[in-house]
Amino acid sequence: MSRFWSPLVHRLTPYVPGEQPRMADLVKLNTNESPYGPSPRALEAMKAAADNGMRLYPDPESLRLRTVLGERVGLEAGNVFVGNGSDEVLAHAFQAFFGHGEPILFADVTYSFYKVYCGLYDLPYRLVPLDEDMGIQVADYAGPCGGVVLANPNAPTGMALGLDEVRRLLDMHPDRVVLVDEAYVDFGAESAVSLVKTYPNLLVVQTFSKSRALAGARVGFAFAQPELIEGLTRVKDSFNSYPLDRIAQAGATAAVEDEDWFLDSVEKVISTRRVLSAKLGDLGFKVLPSQANFVYVQHADRDAAELAAHLRERAIIVRHLRGVRTSSWLRITVGTDQQCEMLLSALREILLRNC
Ligand SMILES: *Cc1c(COP(=O)(O)O)cnc(C)c1O
């Protein structure tokens, strides 16, 4: 509390990011980063960018990056928005599209930043409960609202809706923006980007942080019809005209161009996820069917917070989220095969020892 803070700042409940511990030699499975690292071509492009032109401001429109992002999915630069991480893209979208007075709808268990943006921009929202299997039921999203936010695949469950369900949601709310946050879509779900040309109310948000292993560069993007892109651009240019620096623009562009590296790392994650899910099942965990680079698991009779603490003693960090519906679950990032084996053998020890 401070007498210098505005009333709004007093009311804020900021997002708490996953821990970035400063210890060496951790098996870090808590924030869904890629275990494989970015494309070597992206790293080279970033080094070259650092060597040339840093004296000058970057392209405020990130035109090259937006062009290659559009080309990859059959859209144009005018259908693409980029921001400093998809968190910034999401923030701009909340401010640009959701101030219509009625509550915004999103799941009770989903990315916790959505609530934070509602606080920052004073937007009402209504939490729509997941069903008892932790799934999203589109029928629960009917009725008047200020907009809909859908993480697909959802976080932290990892479960995804098919395109038919996304289409149903878009048809339900033709006069409201339906924001589909596809941070994890590359790990096996269907992207709604193919619906952009048909639906003026669709905003698809993606990121370089997970499947392209550039979390450190902070690059997010969105696909939509030009009307929505212009709305986002108006907010951006009223906030920060240069959200992406030269290094980030160069690295992200080269990462998009290295499709082979991208496909290869995504495939590795998917195949490790399959093995990890089965083996966690053998250890007595319920494992939700994940289409993301993490698994969400609940043990039949062991306390999740305690398991996380025991893992931490063995230098393995996973994510435990407090909350009525989440406190019995752990979210575990799919690491390399070797990291997952270390996790599994630690869990075997922990589960044997303290029965
Ligand atoms: C990681 C994540 C983001 C944020 O990604 P950045 O691009 O790194 O800001 C957005 N949405 C969800 C659901 C995420 O898990």
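1. Let's start at the ligand. A backbone N or O atom of serine 86 sits 2.6 Å from one of the ligand's oxygen atoms. That is a polar contact, meaning a pair of N or O atoms within 3.5 Å; within protein, one must be able to donate a hydrogen and the other to accept it, and residues adjacent in sequence count only if both atoms are side-chain atoms. Tyrosine 184 places a polar side-chain atom 2.6 Å from an oxygen atom of the ligand, and an N or O atom in the side chain of serine 209 is 2.6 Å from a ligand oxygen. On its own the ligand has 380 Å² of accessible area, and the protein covers 92% of that (Shrake-Rupley method, 1.4 Å probe; for residues, only the protein chains shown count as cover).

2. A word on reading the model. It is predicted, so local features need pLDDT of at least 70 and side-chain atom pairs count only at pLDDT 80 or more, while totals for chains, interfaces and linings use all residues. Residues are numbered from 1 along each chain as its sequence is written, and side-chain values use heavy atoms, with hydrogens and water left out.

3. Now look at the shell around the ligand (residues with a heavy atom within 4 Å of it). Its members include Gly85, Asp87, Tyr111, Asp181, Lys210 and Arg218. By class, the shell holds three nonpolar, four polar and four charged residues. Here Ala, Val, Leu, Ile, Met, Phe, Trp, Tyr, Cys and Pro count as nonpolar, Asp, Glu, Lys and Arg as charged, and the others, Gly among them, as polar. Helix α4 (residues 85-97) gives the most to this shell, with three residues. Helices (H or I, at least four residues) and strands (E, at least two) are DSSP runs, numbered from the N terminus.

4. Helix α4 also has a helix partner. Its axis and that of helix α7 (residues 226-236) come within 9 Å and cross at roughly 105°. Axes are lines fitted to C-alpha atoms, for helices over the stretch in contact, and angles run from 0 to 180 degrees between N-to-C directions. That crossing makes α4 roughly perpendicular to α7 (65 to 115 degrees; under 35 is roughly parallel, over 145 roughly antiparallel and the rest oblique). Among the residues in contact (heavy atoms within 4.5 Å) are Val89, His92 and Phe97 of α4 and Leu228, Leu232 and Lys236 of α7. This contact divides into seven nonpolar, three polar and one charged residue.

5. For another pair, try helix α9 (residues 259-282) and helix α11 (residues 337-353), which pack at an angle of about 5° with axes 10 Å apart. The two are therefore roughly parallel to each other. Thr272, Leu276, Lys279 and Leu280 in α9 meet residues of α11 including Asp337, Leu344 and Arg348.

6. Some backbone details deserve a look. Most residues other than glycine have a negative phi, and most peptide bonds are trans. Asparagine 152 and proline 153 are joined by a cis peptide bond, with omega about -5°. Alanine 155 and proline 156 are also joined by a cis peptide bond, with omega about 10°. Proline 153 lies in the loop between β5 (147-151) and α6 (163-172), and proline 156 is in the loop between β5 and α6. Alanine 213, although not a glycine, has a positive phi of about 55°.

7. Finally, visit alanine 250 in helix α8 (residues 246-257). Alanine 250 and alanine 42 are 208 residues apart in sequence and 7.3 Å apart in space, C-alpha to C-alpha.
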